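Please open the structure in a viewer and keep the selection tool at hand. The tour below proceeds stop by stop, stating what to select and what is found there.

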Amino acid sequence: MKAVPAGSVVAEAHEQATPMPPAAAIRPTKWSVIWLLTLTIFSALTVGGLLSPLQEAVKAELHLSDLDIGLLAGGATAIPIALLSLPIAWLVDHSKRNRLLVILASFWAVGTIGTAFAPSLTWLFLARLIAGIGAGTAFPVLISLLADVCMPDRRGRSMLLVSIGAWGGAAASFAIGGSLFGYLTSHPGAGLLGMTPWREVHLLVGTGSALAVVPLCFIQEPPRYEVEQTSVSLRLAMQAFWRRRKFLVPLLAGQLTGGMAEGAAAIWMGSLLIRQYHQAPGSFGGWVGAVILGSGIIGSVIGGFAADAAGKLKMRGAILLPAAIATALTIPAGAFSIMPTVAGFAWVLFALLVGGTIVNLVSSAAIAVLIPNEDRAVTLAGMKIAGTMVGAGIAPPLVVWLSTFSTGQWGLGEAVAVMGVVTGAMSLAGFWLAMRNAPQEVALDPNAKMIPAEA
């Protein structure tokens with residue numbers, strides 16, 4: 001009988017004792033798909049924020065109030081998200097995601113073009129509503145696709161590109177929107193169809209977003225990895241959410257409250273610069289776009305690498321550690337709106353957006369790593385619904401109400417600052433509790449399955 005070396009016995013025993021990730025979790029990263037998803041989120045965020053630098057011109061032409069602007073900027077986004085996010089997310093988790101993405105992208109292109117032709121508040125709201133159906137519900141589709149074209153330990157870095165695309169779109173809404181508006185205002189007749197400048201801006205950007213839909217038709221549906229259960233039963237899904245409630249509820253609270261300052265900045269930034277600092281869209285569009293883009297790139301790079309690095313730490317919920325740290329460091333930046341100078345406004349806003357980018361990316365990466373494939377989109381959608389209802393549906397009128405306690409041109413800025421600092425502290429508590437109750441990575445579950453793309 002042939003003798004077996006003692007070292008081989010020890011090595012074999014170690015291999016049997018060490019849990020290995022499922023074979024289905026090993027696959028190459030499809031960077032072409034990730035780049036295309038980056039372009040898609042860029043388009044969505046560009047049209048989503050296009051109204052902000054132009055809203056004072058819209059207000060003047062259509063004789064709107066601040067509450068009307070809040071309804072257009074917040075309510076028109078919140079309503080489709082509240083009504084459609086969960087049904088669409090259910091389709092994301094259980095149907096062809098590539099086809100769904102094409103449909104949603106078409107919605108935000110049509111809605112943006114329709115905005116250019118809206119004759120009244122009612123029609124303008126409907127056009128924004130159509131755009132919001134696509135732009136407001138597409139994020140879970142993007143993350144679900146991205147998670148299946150890269151390894152779990154590379155999702156932070158993969159989401160880095162998508163995050164840069166998102167912030168690039170937010171920056172483009174100001175840079176392109178403000179610059180085009182300034183050019184068309186100073187060159188009457190240079191636009192299309194003899195429209196007023198803000199309408200021509202929406203028509204041009206909407207046409208560009210329609211062209212960006214074409215390459216989405218070539219995305220192939222990838223296989224689904226890290227699936228715990230293949231049943232599409234709503235009851236089983238709700239039971240799975242309930243089991244994770246100690247993790248998901250504080251994570252939701254952290255994202256909700258932390259996003260209020262950024263939401264207020266996105267909605268009221270243009271009005272703050274015009275009213276408090278006497279800036280014009282043509283003069284602030286470029287530098288605001290640079291602030292948004294720069295903070296998005298820096299925050300995405302930090303957040304992407306930090307999420308992957310933190311995920312390797314031997315502590316519970318380690319992947320969320322960068323989000324908690326970023327939240328703590330940027331709480332004072334919630335007061336960007338009361339800086340005495342435009343330069344101060346820009347630098348403090350930059351700090352707030354860097355922190356917010358890190359938080360959003362790390363939170364999404366945590367869901368993509370800690371939540372099974374069949375529940376990811378619904379989880380993201382649920383958080384998106386709550387975040388939008390608070391950030392877009394509640395925050396704008398809350399800011400208007402808080403501003404009634406201050407007098408003068410700085411009333412709006414003081415209201416935004418108070419809300420930003422208070423909600424930042426609340427967000428930190430939420431992330432701390434989520435870390436304490438985080439589940440293990442799904443990729444480490446030996447029972448995780450794979451569903452082929454053709455299934």
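**The whole protein**

Begin with the entire protein shown as a surface: about 18,900 Å² is exposed, and carbon and sulfur atoms supply 71% of it. Accessible areas here come from the Shrake-Rupley method with a 1.4 Å probe, and for residues only the protein chains shown count as cover. This is a predicted model, in which local features need pLDDT of at least 70 and side-chain atom pairs count only at pLDDT 80 or more, while totals for chains, interfaces and linings use all residues. Residues are numbered from 1 along each chain as its sequence is written, and side-chain values use heavy atoms, with hydrogens and water left out.

Change to a cartoon view, where 16 helices and two strands appear. Helices (H or I, at least four residues) and strands (E, at least two) are DSSP runs, numbered from the N terminus. Of the 455 residues in the protein, 55% are buried. Buried means under 20% relative accessible area, exposed over 50%, and partly exposed in between (1.4 Å probe, protein chains only). Among contacts (heavy atoms within 4.5 Å) with a separation of 6 or more, residues 24 or more positions apart account for 85%.

**The nonpolar cores**

Next, select Leu-37, Leu-101, Phe-247, Leu-251, Ile-319 and Leu-320, the residues with the most contacts inside the largest nonpolar core, which has 82 residues. A nonpolar core is a set of buried Ala, Val, Leu, Ile, Met, Phe, Trp, Tyr and Cys residues joined through side-chain atoms within 4.5 Å. Helix 14 (residues 342-370) contributes the largest share of this core, eleven residues.

Centre the view on Ile-319. Leaving aside neighbours within four places in sequence, Ile-319 is in contact with Ala-307, Ala-310, Gly-311, Val-362, Ala-365, Ala-366, Val-369 and Leu-370. A second, separate core has 37 residues, including Ala-73, Leu-273, Ala-395 and Leu-412.

**Helix 9: His-202 and Arg-199**

Select helix 9 (residues 197-211), where His-202 is placed. Is His-202 buried or exposed? With a relative accessible area of 1%, His-202 is buried. A polar atom of the His-202 side chain lies 2.9 Å from the backbone oxygen of Trp-198. Not counting residues up to four places away in sequence, His-202 touches Leu-50, Leu-51, Leu-54, Thr-112, Ile-113, Thr-115 and Ala-116.

Now select Arg-199 together with Glu-61; the two form a salt bridge, with the closest N and O atoms 3.1 Å apart. A salt bridge is a side-chain nitrogen of Lys or Arg within 4 Å of a carboxyl oxygen of Asp or Glu. Because Arg-199 lies in helix 9 and Glu-61 in helix 3 (residues 55-62), the pair ties together parts that are 138 residues apart in sequence. Arg-199 counts as buried at 10% relative accessibility, whereas Glu-61 is partly exposed at 30%.

**Further salt bridges**

By the rule just given, the count comes to seven salt bridges. Select Asp-66 and Arg-275, whose closest N and O atoms are 2.5 Å apart in one of these bridges. This pair links distant parts of the chain, 209 residues apart: Asp-66 is in helix 4 (residues 66-94) and Arg-275 in helix 11 (residues 245-275). Asp-66 is partly exposed, with a relative accessible area of 24%, and Arg-275 counts as partly exposed at 25%.

Continue to Arg-97 and Glu-221, whose side chains meet in a salt bridge (2.8 Å, N to O). Arg-97 lies in helix 5 and Glu-221 in the loop between helix 9 and strand 1, so the pair ties together parts that are 124 residues apart in sequence. Arg-97 counts as buried at 0% relative accessibility, and Glu-221 is buried at 12%.

**Strand 1: Arg-224**

Strand 1 (residues 224-227) holds the next selection, Arg-224, which is buried with a relative accessible area of 8%. Which backbone oxygens does the side chain of Arg-224 reach? That side chain reaches the backbone oxygen of Val-92 at 2.5 Å and the backbone oxygen of Ser-95 at 2.8 Å. Asp-93 is 131 residues from Arg-224 along the chain, yet their C-alpha atoms are separated by 9.2 Å.

**Helix 5: Ile-103**

Finally, select Ile-103, found in helix 5. Ile-103 is partly exposed, with a relative accessible area of 46%.

Methods: Polar contact = N/O pair within 3.5 Å; in protein donor to acceptor, adjacent residues only side chain to side chain.
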